[in-house]
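Okay, thanks for squeezing me in today. I'd like to walk you through a model that's new to most of you, so have a look at it on the screen.

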Amino acid sequence: MSQPRVVREVVLLGSTGSIGTQAIDVVRRNPDKFRVVGLLGGGGRVDLLAQQALDLGVEVVGVAAASAAQDLQIAFYAEASKRGFRRGEFAVPKILAGPEAAIEIAAWPCDVVLNGVTGSVGLAPTLSALAAGRTVALANKESLVAGGPLVLDALDGDPDRLIPVDSEHSALAQCLRGGRREEVRKLVLTASGGPFRGKRREELAAVTREQALAHPTWDMGPFVTINSATLMNKGLELIEAHLFFGVPYDDIAVVVHPQSLVHSMVEFYDGSTIAQVSPPDMRLPIALALGWPDRVPEAQRPMDWTTAQTMTFFPLDDEAFPSVGLARDSGKRGGTAPAVFNAANEEAVGAFLAGKLPFVRIVDIVAEVLSEHEVIAKPTLEEVYATEREARAAAGRLIEREGTVVSR
């Protein structure tokens with residue numbers, strides 16, 4: 001007798017963002033594999049969140065802003081009415097709002113929680129999901145960077161409950177299937193190089209907001225795009241890679257690959273290197289994380305090997321882009337240092353986007369804040385958040401001293 005198909009139940013945190021909407025696309029195309037039971041969206045997009053909740057028939061839906069609860073309820077019933085539904089003809093989900101909504105929804109009964117929220121506010125939901133015994137598909141890199149020791153402790157010795165969604169770490173996870181961990185010599189993270197690949201530091205002094213937001217490969221939000229332009233994203237990913245896979249920092253390299261087709265590589269001690277190659281599309285790592293360890297058929301289009309392909313690789317220019325080296329140093333310091341690295345960077349990027357800080361000063365501000373920080377080796381959640389507040393305040397004071405208005 002054939003075994004019945006098992007549908008994996010999913011909770012999506014950050015459902016109205018880029019990762020969340022692409023995850024819903026994956027779910028819709030694979031109804032025999034996935035069913036969404038819970039959603040957490042941004043407070044500013046309640047209409048989209050209501051549409052998602054009605055489309056998917058979820059059990060619970062929430063927003064982080066307590067003030068948005070009534071707006072969400074109104075939007076939900078308005079959407080149902082627009083579709084011609086009468087009361088009793090559709091399931092009304094439980095509606096949660098406020099800072100605790102994400103924590104409660106993250107622990108909702110399900111198989112996997114995809115954490116796609118932005119910022120270190122995603123740390124508490126990650127810990128909540130792991131404490132409830134859920135598998136976490138992690139797109140919220142700040143969870144691991146800011147709260148690495150806490151997240152690793154919450155895994156309780158079961159690393160298979162934390163699955164990467166970032167394309168680079170998904171690639172590494174796939175490549176690592178090609179050999180035993182003790183055979184690994186090096187992890188190689190690839191970076192597109194952003195819009196300023198090949199530029200010297202002095203050439204970056206007059207970079208404008210519009211220039212920094214013009215990413216050559218990926219279509220992302222402004223914060224992530226600026227992180228790509230400074231290569232801070234690669235620094236964050238280096239810290240993540242160490243925490244995800246337990247490989248020493250000195251054995252994690254970064255190489256510039258402008259085509260963004262090779263998403264990362266693993267070098268083994270016999271001299272072999274295994275690479276994961278696919279067109280730049282987040283649906284593949286999302287689908288793999290939701291279905292891990294199984295692959296989802298037709299998650300995205302494959303490479304077209306009938307046409308000519310060019311793949312080039314360049315060494316990282318540490319002088320023009322010191323962010324990766326700074327991340328490596330903060331990772332080695334451990335404890336709260338990566339949380340400071342992340343929080344100070346968020347503050348500096350925000351200042352650059354607001355025209356208050358030159359582009360080249362983003363990484364400098366982070367370095368200065370880190371130099372003054374006294375590391376807490378094994379912080380509590382409260383200490384992580386307190387450290388972040390202190391780092392943001394310190395970065396803010398340095399930014400105020402700049403007295404600079406940048407051309408936009």
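Let me start with the record: which residues does the UniProt annotation "domain: DXP reductoisomerase C-terminal" cover? According to that entry, which is unreviewed, the answer is residues 278-393. Keep in mind that what you're looking at is a predicted model. Over residues 278-393 the chain comes out as 53% helix and 2% strand, and the C-alpha atoms at the two ends of that stretch sit 41 Å apart.

Now let's go back towards the start of the chain and talk about sheets. There's an open sheet of 7 strands, and the order is S4-S3-S2-S1-S5-S6-S7, with parallel pairing. Which strands are at the edges? Those are S4, residues 94-97, and S7, residues 162-164, and each of them pairs on one side only. Going from one strand to the next, the twist averages 20 degrees.

Zoom in on S1 and S2 for a second. S1 is residues 8-13, S2 is residues 34-41, and the two run parallel, joined by 6 bridges. To give you one pair to click on, glutamate 9 has arginine 35 in S2 as its bridge partner.

Then there are helices packing on this sheet. H2 touches S2 and S3, with S3 being residues 60-63, and the direction of H2 makes about 160 degrees with that of S2. H6, residues 141-155, lies across S5, S6 and S7, and runs at about 145 degrees to S7. In the loop between H6 and S7 you'll find aspartate 156. Here's a little oddity: aspartate 156 isn't a glycine, yet it has a positive phi of about 55 degrees.

H2 also has a helix partner. H1, residues 18-28, packs with H2, residues 46-56, at an angle of about 15 degrees, and their axes are 12 Å apart. Why call them roughly parallel? Because the cut-off for that is an angle under 35 degrees, H1 counts as roughly parallel to H2. The crossing is left-handed, by the way. Who meets whom? From H1 we have Thr21, Ile24 and Arg28, and they meet Leu48, Gln52, Asp55 and Leu56 in H2. By class, that contact is 3 nonpolar, 2 polar and 2 charged residues.

On to the other sheet. This one is open too, with 5 strands in the order S11-S10-S8-S9-S12, and its pairing is mixed. S11 (273-277) and S12 (314-315) are at the edges with a single partner strand each, so one side of each has no neighbour in the sheet. Further in, S8 (residues 184-191) and S9 (residues 252-256) pair in the parallel sense over 5 bridges, and leucine 187 has isoleucine 252 in S9 as its bridge partner. H10, residues 232-245, packs on this sheet and touches S8 and S9, its direction making about 150 degrees with that of S8.

Leading up to S12, look at the loop that follows H11 (283-291), where proline 293 sits between H11 and S12. The peptide bond from tryptophan 292 to proline 293 is cis, with omega near 5 degrees.

Last stop: H12, residues 323-333, and H13, residues 337-353. Their axes come within 7 Å and cross at roughly 145 degrees. On the H13 side, the contact involves Ala337, Pro338 and Phe341, and among the H12 residues they meet are Leu326, Ala327 and Arg333. The contact has 5 nonpolar, 3 polar and 1 charged residues.

Terms used. Residues are numbered from 1 along each chain as its sequence is written. This is a predicted model: local features need pLDDT of at least 70, side-chain atom pairs count only at pLDDT 80 or more; totals for chains, interfaces and linings use all residues. Side-chain values use heavy atoms; hydrogens and water are left out. Axes are lines fitted to C-alpha atoms, for helices over the stretch in contact, and angles run from 0 to 180 degrees between N-to-C directions. Helices (H or I, at least four residues) and strands (E, at least two) are DSSP runs, numbered from the N terminus. Contact means heavy atoms within 4.5 Å. Ala, Val, Leu, Ile, Met, Phe, Trp, Tyr, Cys and Pro count as nonpolar, Asp, Glu, Lys and Arg as charged, and the others, Gly among them, as polar. UniProt positions are given in the numbering used here, feature names are shortened, and annotations may be inferred rather than shown by experiment. Angles under 35 degrees count as roughly parallel, over 145 as roughly antiparallel, 65 to 115 as roughly perpendicular and the rest as oblique. A crossing is left-handed if the near helix is turned anticlockwise from the far one by less than a right angle, and right-handed if clockwise. Two strands pair if DSSP finds at least two bridges between them.
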